Amino acid sequence: MILPEIRFDALSAGFAVIATERAKRPTDYRSAQDEGQELPETDPKCPFCPGNEHETPPEVWAKRQDGAADSPGWTVRVVPNKFPALVARPQDAGEDEAWRVPPFPESLEGSLYWQGPGVGRHEVVVESPAHNGSLGSYSLEQMKDVLDAIKRRLTSIYESKDVAYVQIFKNSGKIAGASLTHPHFQIIGLPVMPSVVVSEGQRLKDYESKTRRCLVCDLLEREAEKDVRVVAKSDRFLVISPFASRYSYETLIVPTEHISGLSEMSDAMTIDLAGVIVQLFGAYEAMFSSLPYNMVFHGLPSEVKTKRGWPCHAHIHVYPRLNTAAGLELGSGTYINPTPPELATREFIAAMES
Ligand SMILES: [Zn+2]
Ligand SMILES: [Zn+2]
Ligand SMILES: [Zn+2]
């Protein structure tokens, strides 16, 4: 295997992972899901379906009713990605230079060609044995088990000294970047702090230093007051259509209690979040026969937050991919969204009530 490389782009302050192995990954998308066709409950060719456990690397965690590791009987299963974007340092690599991520240069000139080995983690959380499962169709218990698996792996991956930030995300649909239809989340442990997280962290820090308040807490308070973009609320979470939604039907799921990372969620909070996700995606699934989307978790564990000096209020972005990021979006970071978020909110509420 060729070790991936992570490179810094001095112009945009973003990173790129150059990972040639990723080109070899299989896909089962012809356009089945994108055309809204019904998926079977099991697909004998799918590496994530029960009975095909030998087609993935050995599981790192599973919730099981019965059966031995790497055999059927699980309800949620976590495996390393077979075609990882970032790879775990082998146990025998020790202090081998090839695996050392160089410190980020202090000088700007030094950052022009910063690069390091693509060391980190890349895991897949298979959400359900059902090939045709979806976030809107799960029982509360199933969704909670998925969130618990994510929380567990998040905590464990942050313990690795090669990992600076853990990104949890879900790609659903070919346009949204999924290569396999079987529902799954992905967890990537990055050796660097990515620019989107840096930017959010600095916004929160600036806001706090001027107002002594949390930007996200303030936003939640205003949205609850105005009540024109509140899609759903539970005891512990609020779902809103962001004021400047970049994508049609974009939503933001936020805990009303100020917590900085998902790993800080109590059991009660996790159950509540499971209910909110199932309710929200039930609405998405009622409104669209097939919806490509990305789901992105943002949060920082307390140690990382303290080390960076950033405040953080955990949240989850849902980006439906009905409109495509094109030239204006790439060039200027300005998105054209044909759906007013206030209208999207009313449609979500109607879908939840029917
Ligand atoms: Zn499957
Ligand atoms: Zn807050
Ligand atoms: Zn965010």
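In this predicted model, the residues that hold the zinc ion (ligand 3) follow an E-x97-H-x16-H-x1-H spacing along the chain. The protein donors behind that pattern are Glu 200, which is listed twice through OE, His 298 through ND1, and His 315 and His 317, each through NE2. They lie 2.0 to 2.6 Å from the zinc ion. Two of these donors bring distant parts of the chain together: His 298 belongs to strand β12, while His 317 belongs to strand β13 (residues 315-320), 19 residues further along. Both His 298 and His 317 are buried.

Turning to the aromatic side chains, a search of the whole structure picks up 13 aromatic pairs. One of them is made by Phe 185 and Phe 297, which meet edge-to-face with 5.8 Å between ring centres and 90° between the planes. This pair, too, ties together distant parts of the chain, with Phe 185 in strand β8 (residues 184-190) and Phe 297 in strand β12 (residues 293-298), 112 residues apart. Phe 185 and Phe 297 are both buried. Phe 185 has a charged partner as well: the charged end of Lys 170 sits over its ring, 5.5 Å from the centre.

Elsewhere, six aromatic residues come together in one cluster, namely Tyr 249, Phe 281, Tyr 284, Phe 288, Tyr 293 and Phe 348. A further contact between a charge and a ring involves Arg 246, which lies over the face of Tyr 335 at 5.2 Å from the ring centre.

Key. Residues numbered from 1 in each chain as written. Chains lettered and ligands numbered in written order. Predicted model: local features only at pLDDT ≥ 70, side-chain atom pairs only at ≥ 80, totals over all residues. Heavy atoms only, no water. Phe/Tyr/Trp six-rings, centres within 6.5 Å; stacked < 30°, edge-to-face > 60°. Helix = DSSP H or I, 4+ residues; strand = E, 2+ residues; numbered from the N terminus. Buried < 20%, exposed > 50% of the residue type's maximum accessible area, 1.4 Å probe, protein only. Lys NZ or Arg CZ within 6 Å of the ring centre and 35° of its normal. Donors = N, O, S within 2.8 Å, 3.2 Å for Na, K, Ca; no water.
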